[in-house]
Amino acid sequence: MNKKERLEAVFNLKEPDMIPVNPHVMAQAIYDMGWSLTDITTQTELDADKAAEAMITNIKKYNYDLCFGTYIDHGYGVPTLGGILEIPQKFGVSVSVKVHPVKAKEDWNEVKKKLPLDPLKHDRMPQALKTLMMVCKELGETHPISPMSYVGIGFVQHLFRRVSDLAVDCIEDPKWVDAMCQAATNFSKDWIRAQYEAGANTHLTLNDSFGTELISPAMAERFLLPYVAQITEMVRNEFGQKVFMHIHGDMKKPRSYAFLKKLIKEAGVAALHLDEKHDPAWIRENVVNELGVPAALIVHGADPIASGPIEKIDRVVKETIEIGGPGGGVLMAPSCQILPSTPGTHFKAWVDATHSYGKYPILIR
């Protein structure tokens, strides 16, 4: 199987030739080149050629299966709306938002006037799409290249309003939060469309950082569920693709698990990437078997992939696959992303161990 065929088997809940790896690479590809983020991006410009070189080099060097195809962070669209990005000078997980456009409710009317944003014109998005086109041209025949975006309140957190204020807004002014969620989701849909049109060729990776970690399951139903549903419908109808959702929070809790079920049954999410709170046995039983959707087996982003040693990475991967791998329908992922501090030898050991122990049929030693 090539990498696209391997991932397709997982999405059909079948056993591929081996378990694919989704490292959720963001800034790690940049730092692995010996560069910093200031070498590739400013507030409003991205060096598409350098970003493409970094992504292509990273994919070939570490031989993983699923990639984004461009450098992705939290700040696309923010400067046009009046915010300021935080670009690490030496080292950092990614570009983030230093000053949000909506500092107080009075700012919202001015920010709304600047919407909708056109991904072909604003900030670093045109250069990010150029990067994606270059990566797709080089690798797209055999590699699954996923568009990536955010949704609902998780995108409001990045695009408009800082998280501490937003959490209060959910209680004090939920109708306003609804309005921001819809505006953010509209932008997300346009950004997703642009990535597919630039050459992305597989399922959408849809990220949310709120989950049930920063708000209650009831609030998650209000500020996430309907907006996820809008995106899954758009992706299915316009591109014939599915949505693979990365969400945070302890979904083992009864109310959180009930929300997780609704993401699948009501919002149409086709696969799940949970966080490190979920062990492989729980994922196999409660996601793949019970909910009937593919899932990521989690190896925590900072332990052991970043911290090692290689012997521990090998042991943890082996144990994870022996528990969660038999039967298919799974891929391997970190808790969130491969951290920029991850040594290349550790990254490669993780990918190689997954491909080795994850050959089907899974051997239980």
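A residue is buried under 20% relative accessible area, exposed over 50%, and partly exposed in between. The model discussed here is predicted.

**Backbone outliers**

Leucine 13 has a relative accessible area of 34%, so this residue is partly exposed. Leucine 13 sits in the loop that runs between helix H1 (3-11) and helix H2 (28-31). Histidine 24 belongs to the loop between H1 and H2. Its relative accessibility is 2%, so histidine 24 is buried.

What is the sign of phi in leucine 13? Phi is positive, about 60°, although leucine 13 is not a glycine. Histidine 24 also departs from glycine in residue type, yet its phi is positive, near 55°. Most residues other than glycine have a negative phi, and most peptide bonds are trans.

Two peptide bonds are cis. One runs from leucine 115 to proline 116. The other joins tyrosine 360 and proline 361. Their settings are listed below.

| Cis bond | Omega | Place of the proline |
|---|---|---|
| Leucine 115 to proline 116 | near 0° | loop between helix H4 (108-113) and helix H5 (125-139) |
| Tyrosine 360 to proline 361 | about 0° | segment after helix H15 (344-357) |

**Aspartate 65**

Where is aspartate 65? Aspartate 65 lies in the loop between helix H3 (48-62) and strand E1 (84-86). Is aspartate 65 buried or exposed? Its relative accessibility is 1%, so aspartate 65 counts as buried.

The side chain of aspartate 65 makes a polar contact of 2.6 Å with the side chain of arginine 6. The aspartate 65 side chain also reaches the backbone nitrogen of valine 21, at 2.7 Å. Leaving out residues up to four places away in sequence, aspartate 65 touches Lys3, Arg6, Ile19, Pro20, Val21, Pro144 and His355.

**Helices H6 and H7**

Two packed helices are described by the angle between their axes and the distance between the axes. For helix H6 (residues 152-159) and helix H7 (residues 163-172), the axes come within 9 Å and cross at roughly 135°. That angle makes H6 oblique to H7. The crossing of H6 and H7 is right-handed.

Which residues of H6 and H7 meet? From H6 come Ile153, Val156 and Gln157; from H7 come Val163, Leu166 and Cys170. By class, the residues of this contact are five nonpolar, one polar and no charged.

How values were computed. Residues numbered from 1 in each chain as written. Predicted model: local features only at pLDDT ≥ 70, side-chain atom pairs only at ≥ 80, totals over all residues. Heavy atoms only, no water. Helix = DSSP H or I, 4+ residues; strand = E, 2+ residues; numbered from the N terminus. Buried < 20%, exposed > 50% of the residue type's maximum accessible area, 1.4 Å probe, protein only. Polar contact = N/O pair within 3.5 Å; in protein donor to acceptor, adjacent residues only side chain to side chain. Contact = heavy atoms within 4.5 Å. Axes fitted to C-alpha atoms, helices over the stretch in contact; angles between N-to-C directions. Parallel < 35°, antiparallel > 145°, perpendicular 65-115°, else oblique. Left-handed = near helix turned anticlockwise from the far one by under 90°. Nonpolar A, V, L, I, M, F, W, Y, C, P; charged D, E, K, R; others polar.
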